[in-house]
Every structure is written in C-alpha cells, then in structure tokens.
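Please look over the structure below before reading the notes on it. They are arranged by topic for use at the bench.

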Amino acid sequence: MNIQFRESLEAASPPTTKTAIADCDIHPARATRTELYPYLAKRWQHHLEIYGVHAYQGMMEGPPYPKAQPNASRRDAYPPEGGPQGSSLSFMQKQLLDPNNVQLGVLNPLNTGQGIRNHDLSAALCSAINDWQIDKWTSKDKRLKASIVVGNEDGLSAAAEIRERAGDKNFVQVLLLSRNVEPLGQRRYWPIYQAAEEAGLPVGVHAFGFGGNPITPSGWPSYYIEEMVGHSQCQQSALASLVLEGVFERFPKLKMVMIEAGFGWAPSLAWRLDKAWQRLRSEVPHVKRPPSEYIREQVWWTTQPMEDPERREDLLDVINWLGWDRLLFATDYPHWDYDEPSRVLPAGVSDTNREAFYLGNARKLYGIS
Amino acid sequence: MASLIAGGVDCDVHPAVPHLTSLLPYLNDYWRDQVTTRGMVDLVSQSYPKNSPIVARPDWRPENGKPGESLEDMQRHVLDPFRLTYAICNPLYGVQMVFSEDLQAAFCRALNEWLAKEWLDRDSRLRGSIVIPTQSVEKAVAEIERCAQDKRFVQVLMLVMGDTPLGKRALWPIYEAAERHDLPVGIHAGSAYHNPPTAVGWGSYHIEDYVGQAQAFQTQLTSLIVEGVFAKYPRLKMVMLESGVSWISPFLWRLHKFWRGVRMETPWVDRAPLEIVRSNIRFSLQPFDAPPDEATLIRLFEHMQSDELVLFSTDYPHWQFDGLDALPQGLSPDLVRKIMIDNPHATYPRLT
C-alpha cells in the first residue's frame, strides 16, 4: 500500500542492519514515451506513431478499467527528476533497493510488446525492451536482473528471442503474462516452454495482459477491483491449463513462477485438480501423475499481494500446505499495492523459513550465488 | 467418518429430464410444433456429458437412460438411505444455452412444470428450484412470480457462467423478486457457454471446465458483492451450489484486502466482503475439494470463522464420494447438525 510520507525514507535504517532480501517483482518504466525508439527500427517507430500498438483491447492508450492511482503506482514514487514512477534507477536505488537491502531484484517490465495483435510489432517491441533492460538497468546495477520479454502469441518468434538471449547473465527468466488469447497450456505456447527449458530459465507468468477474453467466464465485469481480484482466477485457469495440457509432463525440467496473483488459492486448486483427475484421467492420459505433484515440483509463487486474513496466522497454514521452499518475496515496486518487507510475515516463522522466503528460494531458483 | 443424522436437508440433487420430448406435454402448440418441425435436439450441456465419470456414481448409474431420471432410483439411492426430510431438486437441463429469450422462456416454464408434476407431486420430501430464462430479465421475473405461488419451490436457480457477471444491475429485478418471495438464489456450477469457460479462453478438456467452476464462482462472488446486490437486497440469500469449498477463505482474504485498498471505487458496498458472505452467502458441501485428512479439514473450517456457511448436499447422482460418506472426516457432531439441518433451514425459509 502507499507509503504517504516520503520524509520517512531519510530516517530508514542503513542497509547493513537489515537482512538481505530478494525482490522478485519490480516494474521498471520508461521515462518518456519514445524511450524505446533507439532500440526499434525506423519502420516500427513510424508504425507506432501512426497506428499505435493495437492491443487485444479497445483503448489506444491506458487501461479500460481505470486504475486506483496514476499508473497503478505509489504517489510517493515519482522520481525527483520527473517521469513516471519506476522510471529512474537512482530513485529506485534510493527508495527501494538500498533501504530494504535488496540483493537480487528481478525486473518485470509491463506494457511492452505483449498482448498486441500485430505479432511482428510484438516481437520488435519485446526485443527492444530486452535491450533497454540491459542498457538502462542491469548493466548499471548488478543487483538487478532482467526478464526476457517475449511476443506471447507467436510461440516461434518468442522461442527465437529466448534463444537469442540464452546464456546472457543479465537475464534470469522468461516473462509471460497470465491473460492471453488462449489458456497458457495450449500448444501454440509450447515453443516458449521448450526454449526456456533448453536455456535453463524459469518462465515467470505475471498477472495481467490482454488476450481478448472477458476477465470472468461470465462476461465483462464493471470495476477495477473485479479485474484486480480476477487476476488470481486467471492465474488459476492458466495453471490448470498448463497441468492438464501436459506441459509439465512434456517439459519435466521446466520451472514456472506465478507472479503477482497471490498464492492462497494454490493448495485448493491442487486439491481440486487431484480430485477431478482421479475421476476423469481417462480424458487426459498424457497427465500421468496427480496434478498436485507437478505443481509441487515445478511451480513457484511470488508473494505480493499477500492474502490478508483477519487472523494473520491462518496464512501460515496455507504456506505449510504450499511449501516454504516455493515462495519468492516480492514488493511489486512501484505499484500502489506494494508489500512492505518488514511487515508481511506473521510472527512465529522459523529463521530457516524466513531466510528461504525472503532470499534463499529466489537465489536457488534464479541461480544467483 | 462423521456420522450422518436423520432429518437432514440435501440441498443439491439433480433430477434429469430424459429427453427434450419429455417436455412436449408442457409446451403450447406453437412451441411443440417448433421443437418437432425444426428437429430440435436434446439440450445436454457440455458441463455434464452423460457418460462422464463425474456425472454419475457407478452404483448410481442406470442401465438405460440418463443418471437421475428415475424417482425410484433417487429414493433408493439418497432420500431413504440418508434419511432426508427434504431434498432440493436442481435440474441441470441445458435450457440456459438457448439464445432466443422466447424459446428459453418456453423451455424454462415447461421444465418447472415438469419438475412440479413428475417429481414434487410424487414424493413429499422433494422441493424445487425455479429455472429462469435469463436471456430476458422481464420473462425471468414473470417465471419467478408464476412458480412462487407453489410453496414447494424454495429457490431460484441460475448458472455460475452466463452472459454477464451476476452482480450487474440489469439482473437486479430477479433478485428483488426472489427476496420478496423468500426465495434464495442458487448459483449452480455449469455454463451457458455464451462466454469462454475460463477467463483466459477456451480450454481443451471437460476436466478443465469442471475444475474451472471454482474460478467462475470466485469471480461471481466478487461481482455480487462489489456491485452492491446485498446492500440493495439485505435479506437476499445466495447459495453457491457444487462450487467446492476449499477456495472460499483464501479468496475472501484477497477480496477483503483489495476492497480495503480501493473501496472508494464502490462506496455503496456498506459492509466488508467477509461480513457480507457470512450473512448472505452459503455453499453446498459437495464436491468437497480438500484432501481426506482430518487436520486439514479442521483448519479449513477454522479459516471460515463461521459454522453457518456450509449446507449439506450429496450432489446426486454426480460422483463426489462413495457409499454414504458424504460428510468429510473430522466434522464434530455439532457441525454435522448445523450443516445437515440448522443451516439449510436458516437459509431456505420455505422449508416447512
């Protein structure tokens, strides 16, 4: 949530006294509308000026459900030098990385080349944003790591982008969004999983995106809150599809990270899948083991936005069911529903589990020593 | 396992329409002629393919015909052995898939009359749900008004996946009529397939549609709460039928958190979502989508922070459990009594 008083930053403890953490969901933004142009061919620069991005939604710019705040971001996160929240490295260092002692920060750029109907433009924008992540962020601060953004609706060009970046230590994962033209287990997306598995990179699936489908299976709702809450249902359906299409069976070394969609739903979904699979497995013979096993072995979750029970300790039951080795701490900086690292866990968590939650799991998954 | 007690209410049983032709006696001349002249086929929804294992327990599957089409079977399989006082019939015949409001209204009326005559008239333990033609809110309200005169109809029935989210204001006259007649609105698993069955598009498999019901219920609860249905109709009860139960608490934790963050967007929501659910929303027991261990079950019910949310159901003839094991292991006798008797009676005022 918003931190209203920027002054308090000055009083923040020096980093050395805070336990090191990983922040597995940071959103870097462009300072200007044309900041990507140096990475785009002239042809695409002209195209954008004339036609825009032509997404799987109707607005020429901005979201059809107005956010609660400008750019869905904290009001105290505007950089002093101007530009939108999250667009300044030095201010990100000062506001997020230094005071919280972030040792590993995973960048997930949004509003890039994903969810766009013109697949050639999609591929060009994704490649541009990947170059931009290196130039503007990861080459300038070694704590930051990038995600390979790929043109999600065209599996082949997406796989080519992954192969192009494979082995580049600036990148620690492939990034997809949860909402696509089809559920993510469908075979049009398999080249992405194959390339990621070959490159040894996890595939992060971040909540959001546009695929043209209503965000409920009963049509379009009215409000922003319905879209926000609905991201968790989209993520559940995407994960169910990945399991039931046999993606984990076909790509046994594939690792997937569910980003910014909560995790409280995960045990229930796994139980439900198991129960249905016991009855209906003859329909999906390619799913050879109980669905919960694939999920337990091949899926991770970032924490923000943490579910918030009235009795906070109830959340510990859910984490115990899910596994303490599966959660990756994330703030979602600079978005308004930011989770503050010092406050998210209820009391009574062992030191080992705290360390895994805040840093150890992320280091291991992303291969950062 | 927890012991069943006599006198319970089964809030979700499914009598099957044998075939579209079974409804012909309840259609007027024009519609009877339409059905036959145009060669209309049986309205079986993809949500419940007749031979799917989940659609009938092996020992509840008849040699011929559809599971659930025989009253004698229902008596022998559930009404008698579970020693029920009442069972609420929720027909899942696929009338919701029809697009024409006129045709849908004719089919719904026929279906409700069929239920009254061929089921409710023949066993005094049976109660009915009013299936409504949601393609026309006006016609849906008229059907509620018509059926509500028969006190054996105790609920209005809608599917969890229709044309629009259920909280949308256009549907409110349905809720107004339901509240006025002491009829809870039952929201049952299943889709009209007027939208993709997941919020990320069309999956490939029946199992995917079935698992996805839980996500559909989640989005509908959000819609019903944030549109303000329960601020406008505070006495209205809604019952999530065949929804699953293990997702309820984590879902509400998320909704509650976001509501606190952006409640300025929906200022008419006059109570916290958790409170609204505890006072106005109920859930049927089966399918009980949690592992069969007592420790987990106890925690799940603890998380709900209420013993009033769950209503007993067998989901007959669907295959959710074997034998008489409808109650998951570890429920206390007090909770069994609440689930089987007290909660259903508190939810359905017409059960007398």
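The notes below take up a helix, a nonpolar core and a chain contact in turn.

This is a predicted model, in which local features need pLDDT of at least 70 and side-chain atom pairs count only at pLDDT 80 or more, whereas totals for chains, interfaces and linings use all residues. Residues are numbered from 1 along each chain as its sequence is written, and chains are lettered from A in the order in which they are written.

**Helix α7 of chain A**
- Helix α7(A), residues 224–244, has 21 residues and spans 30 Å from its first C-alpha to its last, close to the 30 Å expected at 1.5 Å a residue (helices being DSSP runs of H or I with at least four residues, and the expected span being 1.5 Å times one less than the number of residues).
- At G230(A) the helix α7(A) bends by about 35°, the bend being the angle between axes fitted to the seven residues ending there and the seven starting there.
- In α7(A), 21 of its 21 residues are buried, that is, with 20 or more other C-beta atoms within 10 Å of their own, C-beta atoms being placed from the backbone.

**Nonpolar core**
- The largest nonpolar core (buried Ala, Val, Leu, Ile, Met, Phe, Trp, Tyr and Cys residues joined through C-beta atoms within 7 Å) has 219 residues, and V174(A) and L111(B) are among those with the most contacts inside it.
- The largest share of this core, eleven residues, comes from α7(A).

**Contact between the chains**
- In chain B, 62 residues are in contact with 58 residues of chain A, contact meaning that the C-beta atoms, placed from the backbone, lie within 7 Å.
- Helix α6(B) gives the most to the side of chain B that touches chain A, with 16 residues.

Methods:
Helices (H or I, at least four residues) and strands (E, at least two) are DSSP runs, numbered from the N terminus. A residue is buried if 20 or more other C-beta atoms lie within 10 Å of its own, exposed if 12 or fewer, and partly exposed in between; C-beta atoms are placed from the backbone. Two residues are in contact if their C-beta atoms, placed from the backbone, lie within 7 Å.
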